[in-house]
Amino acid sequence: MDLKFISKLFLINLTIAWTLCFTFEDVCHPEDKGCLRPSIPGLGNLLWGRCCSLGVLRRIGSISLLECAKECLLTTGCFSLNYRQNWHLCELLERHKNGESTCNVFLHGEGCIHSNISTWSKKLSGKCIDHHCADGQRCYFDVDCSGEHPNVLYASPDEYFGPSRDVRHGVKFKCEHNFRLVGKPYVACSDRDGGRAEWDILFTCYQENCPHDKEYLYDKDLHICYKLLQHGGSSYLYPKAKRKCEQENAFLMRIDTKAKQYHIVKYLKTQGAYLTNIDFVFIQGSHNQKDRSSLNWKYEDGTQMDYFNWGAYQPDGNSPTGTDYIALYNPEEFKWHDVSTIQPYTGIPICEIDLTT
């Protein structure tokens, strides 16, 4: 038999087998027969082991590589894609700022695949082959947060492979140095009525504002700035201790959570040399015994206290005709005691600076 004829027969059989196996049921509408069996030469060019770090138009999870390529073709402004096999994660990339559609910045990663969408057949787009939408928007049904990412004060995106702007997904952010992030570290593209999508900012960056030159300490987990006011070992009655904090542009510490109590007790135990002859460390909180209609303890701003850490047999009402205040009692692991200005209980304050302004 002629060798050329055998070779041609082999290629025909191979093409038939490829066409039968290489179908697109996972990416095509069941009625779109042209999409289901497209006349394309196969996959686009794939670059293995590397992902491009261009900005991400859309990020889609739990889809196949073929679905990822189709989504890129359906999304205006998508010039290439990353596909991360380990996570089945698709990233649709926008054109580089210099106007080039080819990537020039790659990050190496196991399971990473990069492909320029120009190497794929447009027939994967089906009926959307000639669609024209705004950059980042997908042909039919889906809505995206088009345009620039929101400008969040003192923050920037913190996405390893670049930020995305597809609906129902979040972009992770980080605060600048010396700023504290409060909330969830994301800007989310959220659905709105009428088929719209808008950015929701889920956090705020607060400046630390902790005056280290005055020996104030900062705890990032609690976001507090505080100082044990020692002043050469002197101790004061409660009202004077409060004024000492005010002279520092601070206030008596407001302990309103178990976590804060635990942190401060842990800190005070490291200050043994300064507390050898000191029984009381004053914090914020008072109770007016003249107010017979109420048994509420309150903070300085008048709000009711709802966290306490009383010691044994406390509070015992030292001031039956005046005002009781709160102090951390050194001999009892800094459990809370009520003290009165009627009796000469003295101590030192722990001051706190407001970081919310």
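These are my notebook entries on the aromatic contacts and disulfides of this structure, which is a predicted model.

**Entry 1: aromatic pairs**

I began with the rings and counted 12 aromatic pairs. I looked up the pair of Tyr 154 and Phe 179 in detail. Their ring centres are 4.2 Å apart and their planes stand at 20°, so I noted the pair as stacked. The cut-off behind that word is an angle under 30 degrees between the planes.

I then checked where the two residues sit. Tyr 154 is in the loop between strand 5 (106–116) and strand 6 (155–157), while Phe 179 belongs to strand 8 (residues 179–192), so the contact ties together parts 25 residues apart in sequence. I also looked up how open each residue is. Tyr 154 has a relative accessible area of 33% and is partly exposed. Phe 179 has a relative accessibility of 17% and counts as buried, because the limit for buried is under 20%.

**Entry 2: a second pair**

How are the rings of Tyr 226 and Tyr 267 arranged? I found their centres 5.2 Å apart and their planes at 75°, so this pair is edge-to-face. For that label the planes must be over 60 degrees apart.

This pair links distant parts of the chain. Tyr 226 is in strand 11 (residues 224–228) and Tyr 267 is in helix 5 (residues 258–268), with the two positions 41 residues apart in numbering. I noted Tyr 226 as buried, at 5% relative accessibility. Tyr 267 is buried too, at 12%.

**Entry 3: a cluster, and charges over rings**

I wrote down one aromatic cluster formed by Trp 297, Tyr 307, Phe 308, Trp 310 and Trp 336.

Next I looked for charged side chains over ring faces. Arg 50 lies over the face of Phe 106, at 4.9 Å from the ring centre. Arg 254 has its charged end over the ring of Tyr 299, 3.8 Å from the centre of that ring.

**Entry 4: disulfides**

How many disulfides does the structure hold? I counted 6. A disulfide is a covalent bond between the sulfur atoms of two cysteines. I followed up some of them, including the three below.

Cys 68 is joined to Cys 90, with an S to S distance of 2.1 Å. The link is right-handed, with 75° about the S-S bond. Cys 68 is in helix 3 (residues 65–74) and Cys 90 in strand 4 (residues 89–94), so the bond ties together parts 22 residues apart in sequence. I found both Cys 68 and Cys 90 buried.

Cys 72 is joined to Cys 78, with an S to S distance of 1.9 Å. Here I read -100° about the S-S bond, and the link is left-handed. Cys 72 is buried at 1% relative accessibility, and Cys 78 is buried at 8%.

**Entry 5: the link from helix 4 to strand 16**

The last disulfide I looked up is formed by Cys 245 and Cys 351, whose sulfur atoms are 2.0 Å apart. The torsion about its S-S bond is about -85°, so I noted the link as left-handed.

Which parts of the chain does this pair tie together? Cys 245 lies in helix 4 (residues 238–247) and Cys 351 in strand 16 (residues 347–353), so the parts joined are 106 residues apart in sequence. Cys 245 is buried, with a relative accessible area of 0%. For Cys 351 I also found 0%, and Cys 351 is buried.

Terms used. Residues numbered from 1 in each chain as written. Predicted model: local features only at pLDDT ≥ 70, side-chain atom pairs only at ≥ 80, totals over all residues. Heavy atoms only, no water. Phe/Tyr/Trp six-rings, centres within 6.5 Å; stacked < 30°, edge-to-face > 60°. Helix = DSSP H or I, 4+ residues; strand = E, 2+ residues; numbered from the N terminus. Buried < 20%, exposed > 50% of the residue type's maximum accessible area, 1.4 Å probe, protein only. Lys NZ or Arg CZ within 6 Å of the ring centre and 35° of its normal. Disulfide = S-S within 2.5 Å.
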